[in-house]
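Hello,

Here is the structure I promised to pass on. Have a look at it first, and then read my notes below.

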Amino acid sequence: MPRHDTLPAWQELQALAAAPAPIISDCFLSDPSRLTKFSIEAAGLYADYSKQPVTEEIFSKLMTLAEQSKLSDCIHSLFAGENVNYTENRPALHMALRADLQSVYPDSEKNVMPEIASGLAQLARFSESVRSGDWKGATGLPITDVVNLGIGGSDLGPRFLTTALAPYCDAGPRAHFVGNGDGADLHEVLCGLNRSTTLFLVVSKSFTTSETLDNARLAQDWLRTELGDDGLDRHFVGITAKVEKANEFGVAEVLPFWDWVGGRFSVWSAVGATIALSAGMSVFESLLAGARKMDEHFRHAEFGSNLPVIMGMLGIWHTNFLGVNQHVVLPYSHYLERLPAYLQQLEMESNGKSVDRDGRSVSYATVPALWGEVGTNAQHAFMQRLHQGIHNVPVDFVLPLKVRHPYQRQHDALVANCFAQAEALMNGRDANDLQASGIENLEHRVLPGNRPSTMILLPELSPQCLGALLALYEHKVFVQAVIWNINPFDQWGVEEGKRLAQKLLHEIDSGELGQHDASTTALMQRYLGQRNKD
Ligand code: F6P
């Protein structure tokens, strides 16, 4: 396989990037149909990328790069259930979790749909029994609070979507999330809870993650102080791909999922149980249906009208040709507060790699740092840098058009702010305009403009739209991985961190330091010295 930066389209894009950058606002003047050309509706979402610094020539060359990188073959391999996660020798079948239950996926030989249907039925029975009050705790009381104990993909997805779907959460128990290995996280959540009416979900694909298992052990102890040992299993449900490990741990009731689902792609499985518990199974199913629509779009649409491909390739333009190493996501909805955190794992754990599929170090940039915050909070925090800072950072605005709270005027203002930010980023404010208004300190007030953004509109924050939105970003991540020729489905860097932490913890327990660099040794000594003081 040739290195991807030697592909002809890569070279041609480099030449285009060396020419003076297009002035986005001028592009609108010279082409009245720019918006039509650079906007799209897909799976119920509308995306306007006309404020991106691309001409038709650049856009078409980006699509050629996608073709030359064999993106079509890779999409085919992904949906065909091939071992696309080749360093772990397994497929990535998260799309099966939201596929039509009557379908065969990925094919008749490897069909996983029967086990998915049975998993969904189990989740439905479980969530309905908790919601209806049939599921009783050890003292015979129904469950009022559910605590999701999990980290990374076993936390970020359910936490994000349960928050985002708050207006749909009706009769279900209250959902809480404890991810962090810092005991303060668990402590703060437990403080407000009643042992007799609390149910813990121990969510871990591997059932070996130390933060989650430590929190689960502490939760068991917390329950025991009041409930004793009897009936403790009424307060624990495991959600894992390693059922026997959960059983060994003492969790009898388990909702299974499968090794072929990556942690950061697992919210579509029983990992999303808090959504079904809080909002009901029909909401969870609508979420899956929305994602399924985006899967179909991604699988079948031509590259030039394929939203995940377009967003992926616009990112490639910024990262690999314009030299940008950051990407900002600004959801204009309080309910989407956790979207940036969710996308951080999805994008950076997937594509934070520097070795290509042939084991060679790559000579080009891969995933940019992703960060963000809800609007309008972002405006009063870091937007200044985006408007007038040195760096030109592309922004994704995500905005639901309709809301389910009663304060319409507030929403009107939110929408106005969102559109105003995108407009200001692109148009800037020029000196002549300021001069005409007789304003002083002109040079400080000039906004350079020509700062790129994509506007993603959701008709409303429905489960369908949210499903489509997350599937859009999942596929965007896949597209970029193909262009960078890397595996987005493993995370060996994270695994190494876990291994070392275990080693250091063992040394803290034993008080005997192993071989380390001088800095780590001194830090450990400093900690042990402090810890062993009374
Ligand atoms: O953070 C690293 C990671 O391996 C993620 O990929 C995963 O989502 C998380 O740990 C939790 O893993 P598990 O679900 O196995 O506890």
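A residue is taken to be near the ligand if one of its heavy atoms lies within 4 Å of it. Please keep in mind that this is a predicted model.

Let's begin with the ligand. There are 16 residues around it, and those that come nearest are Ser 154, Ser 204, Ser 206, Thr 209 and Glu 349. By character, the shell divides into nine polar residues, five charged and two nonpolar.

Oxygen atoms of the ligand have several polar partners. At Gly 153 the partner is a backbone N or O atom, 2.7 Å from a ligand oxygen. Two side chains also take part: a polar atom of Lys 498 lies 3.1 Å from an oxygen atom of the ligand, and one of Gln 345 lies 3.4 Å from an oxygen atom of the ligand. On its own the ligand has 390 Å² of accessible area, and the protein covers 89% of that.

As for where the ligand is, it sits in the largest pocket. Two elements give two or more residues each to the shell, namely helix H14 (339-351) and helix H20 (492-510). The largest share comes from H20, with three residues.

One more feature you may enjoy is a hairpin. Strand S1 (residues 39-42) pairs with strand S2 (residues 45-48) in the antiparallel sense, over four bridges. Within that pairing, Ile 40 stands opposite Ala 47 in S2. The hairpin has two residues between the strands, and Ala 43 takes a positive phi near 50° there.

Happy to hear what you think once you have looked through it.

Best wishes

Definitions and conventions:
Residues numbered from 1 in each chain as written. Predicted model: local features only at pLDDT ≥ 70, side-chain atom pairs only at ≥ 80, totals over all residues. Heavy atoms only, no water. Polar contact = N/O pair within 3.5 Å; in protein donor to acceptor, adjacent residues only side chain to side chain. Areas by Shrake-Rupley, 256 points an atom, 1.4 Å probe, with all protein chains shown as cover. 1 Å grid on protein atoms, 1.4 Å probe; cavity = no way out; pocket = protein on both sides within 12 Å on 5 of 7 lines; lining within 4 Å. Sits in = over half its atoms within 2 Å of the grid points. Nonpolar A, V, L, I, M, F, W, Y, C, P; charged D, E, K, R; others polar. Pairing = 2+ DSSP bridges.
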